[in-house]
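Work through the exercises below with the sequence and the structure open. Each task is followed by a solution in steps.

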Amino acid sequence: MSEIIDLGQGISLIDACYISEDVAAVYLLREGNQVAIIETGTAHSVIDIEKLLITQNLDFSHVKYIITTHVHLDHAGGAGSLMQRCENASLVVHPRGARHLIDPSKLIAGTIAVYGEEKFVRLYGEIVPVDEMRVIEASDGFEVDLSGRKLKFLDTPGHARHHFCVWDQNSGSMFTGDTFGLSYRDFDTPGQVFIFPTTTPVQFDPDEMIKSIDRIMDYQPQRIMLTHFGAISPSIAVVNELKSGVKMMTDLAIAYHDKEDAQMLIEELMMENLLVSLAARGIENLEAARKKLANDVNLNTQGLIFWQKRLNQS
Ligand SMILES: [Zn+2]
């Protein structure tokens, strides 16, 4: 069974075991006998979610809300499969993402375009459509209630235009999906976390991302619950590192997007930059770090080049 981490205040994390361990999280939030699941992982995660519910003397019937921060498939790929099992649940999704979970054909085609068909099937399994009648579209400021515990949805574009964050005032936790970047626990050093943005295709917008980061911080969250991966404390140093990562990556894109081998060139320079930061804080196994970061660096570069092409067309 996948790792489960008890984060206190009714919040647990399940490792979705997406690509490898400690990459993508599914969060389970419990208040009384009601449960919200934030991020579904893929169809492969359903069985682990069931096991966690059982350890808490609960089952799928106690799940009231299934929430996906945005419709990229590492976050929402399991939504349809999970909704089939959780018959009392509503799916809460951004208004711009809802139709893609009701009819996932475009999402599937788009993801196959990024990953290829063979890898798609291995990573995601079956993508099941969600019944339209069971979907709640949460626009900015919308709230749901879990046994008296309020969850508030904030429209936070930057990574994607169909992205919201979820504010749990009760615990001071902000569930940020991909808006507040990526930070892997392998790279923690005493008192420090390593964080960088995700600029995945096809809706990356650096100005919106910075605004969303500031908006998240306006809530003064105690903890940021990252989908990739886990809980961090958002110190000023963390916010600054995240923002300077946005600048580093957009600078690379502006300088090199129109070169013939732009993808390779930007990937190399981005990886180099990240590894230098890791080395500076004392991470020794840089080959393992390179491996861990390879997928993100590849996707980030694709997203950055796409962003530049779109800007230059308009
Ligand atoms: Zn993601």
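The centres of domain 1 and domain 2, taken over C-alpha atoms, are separated by 24 Å. The model is a predicted one.

**Exercise 1. The two domains**

Task: Locate the two domains of the protein chain, and describe the side of domain 1 that touches domain 2 by class of residue.

Solution.
Step 1. The domain assignment places domain 1 at 4-234 and domain 2 at 239-313.
Step 2. Contacts between them involve 26 residues of domain 1 and 25 residues of domain 2.
Step 3. On the domain 1 side, helix α7 (residues 206-218) supplies the largest share, five residues.
Step 4. Sorted by class, that side of domain 1 holds 19 nonpolar, six polar and one charged residues.

**Exercise 2. The largest nonpolar core**

Task: State which residues of the largest nonpolar core touch the most other members, and explain where this core lies relative to the two domains.

Solution.
Step 1. The core has 86 residues, and those touching the most other members are Tyr27, Ile37, Ile66, Leu91 and Val166.
Step 2. Helix α8 (residues 236-256) gives the largest share of this core, seven residues.
Step 3. Because domain 1 (4-234) and domain 2 (239-313) both contribute residues, the core lies between them.
Step 4. Take valine 166 as an example: beyond its neighbours within four places in sequence, its contacts are Ile38, Ile67, Thr69, Leu151, Phe153 and Phe175.

**Exercise 3. The sheet of seven strands**

Task: Give the strand order of the open sheet of seven strands, then follow the pairing of β3 with β2 and with β4.

Solution.
Step 1. The order is β1-β2-β3-β4-β5-β6-β7, and the pairing is mixed.
Step 2. At the edges are β1 (4-6) and β7 (135-137), each of which pairs on one side only.
Step 3. From one strand to the next the twist averages 20°.
Step 4. Helix α1 (residues 46-55) packs on this sheet and touches β1, β2, β3 and β4; the directions of the helix and β2 make about 145°.
Step 5. Five bridges join β2 and β3 in the antiparallel sense. β3 and strand β4 (residues 34-38) are also antiparallel, over five bridges.
Step 6. In the pairing of β3 with β4, arginine 30 stands opposite valine 35. The two strands form a hairpin with two residues between them, and glycine 32 in the turn has a positive phi of about 55°.
Step 7. Strand β3 (residues 25-31) is largely enclosed by the rest of the structure, because six of its seven residues are buried.

**Exercise 4. Aspartate 15**

Task: Decide whether aspartate 15 is buried or exposed, and list its contacts away from its sequence neighbours.

Solution.
Step 1. Aspartate 15 belongs to strand β2 (residues 11-15), and its bridge partner in β3 is alanine 25.
Step 2. A residue is buried if 20 or more other C-beta atoms lie within 10 Å of its own. Aspartate 15 has 22 such neighbours inside 10 Å, so it counts as buried.
Step 3. Leaving out residues up to four places away in sequence, aspartate 15 touches Ser2, Glu3, Glu21, Asp22 and Ala25.
Step 4. Histidine 228 is 213 residues from aspartate 15 in sequence, yet their C-alpha atoms are 9.8 Å apart in space.

**Exercise 5. The sheet of six strands and a cis peptide bond**

Task: Name the edge strands of the open sheet of six strands, and locate the cis peptide bond that involves histidine 228.

Solution.
Step 1. This sheet runs in the order β8-β9-β10-β11-β12-β13 with mixed pairing.
Step 2. Its edge strands, β8 (143-146) and β13 (230-232), each pair on one side only.
Step 3. Strand β12 (residues 223-226) pairs with β13 in the antiparallel sense over three bridges, and leucine 226 stands opposite glycine 230 in β13.
Step 4. The cis bond joins histidine 228 and phenylalanine 229, with omega about 5°. Phenylalanine 229 sits in the loop between β12 and β13.

**Exercise 6. Positive phi outside glycine**

Task: Compare the settings of glutamine 9 and serine 147.

Solution.
Step 1. Glutamine 9 is not a glycine but has a positive phi of about 55°; its place is the loop between β1 and β2.
Step 2. Serine 147, in the loop between β8 and β9 (149-155), has a positive phi near 45°.
Step 3. Glutamine 9 counts as partly exposed because it has 16 C-beta neighbours inside 10 Å. Serine 147 has 12 inside 10 Å, so it counts as exposed.

Technical notes
Residues are numbered from 1 along each chain as its sequence is written. This is a predicted model: local features need pLDDT of at least 70, side-chain atom pairs count only at pLDDT 80 or more; totals for chains, interfaces and linings use all residues. A nonpolar core is a set of buried Ala, Val, Leu, Ile, Met, Phe, Trp, Tyr and Cys residues joined through C-beta atoms within 7 Å. Helices (H or I, at least four residues) and strands (E, at least two) are DSSP runs, numbered from the N terminus. Domain bounds come from an automatic or database domain assignment. Two residues are in contact if their C-beta atoms, placed from the backbone, lie within 7 Å. Two strands pair if DSSP finds at least two bridges between them. Ala, Val, Leu, Ile, Met, Phe, Trp, Tyr, Cys and Pro count as nonpolar, Asp, Glu, Lys and Arg as charged, and the others, Gly among them, as polar. Axes are lines fitted to C-alpha atoms, for helices over the stretch in contact, and angles run from 0 to 180 degrees between N-to-C directions.
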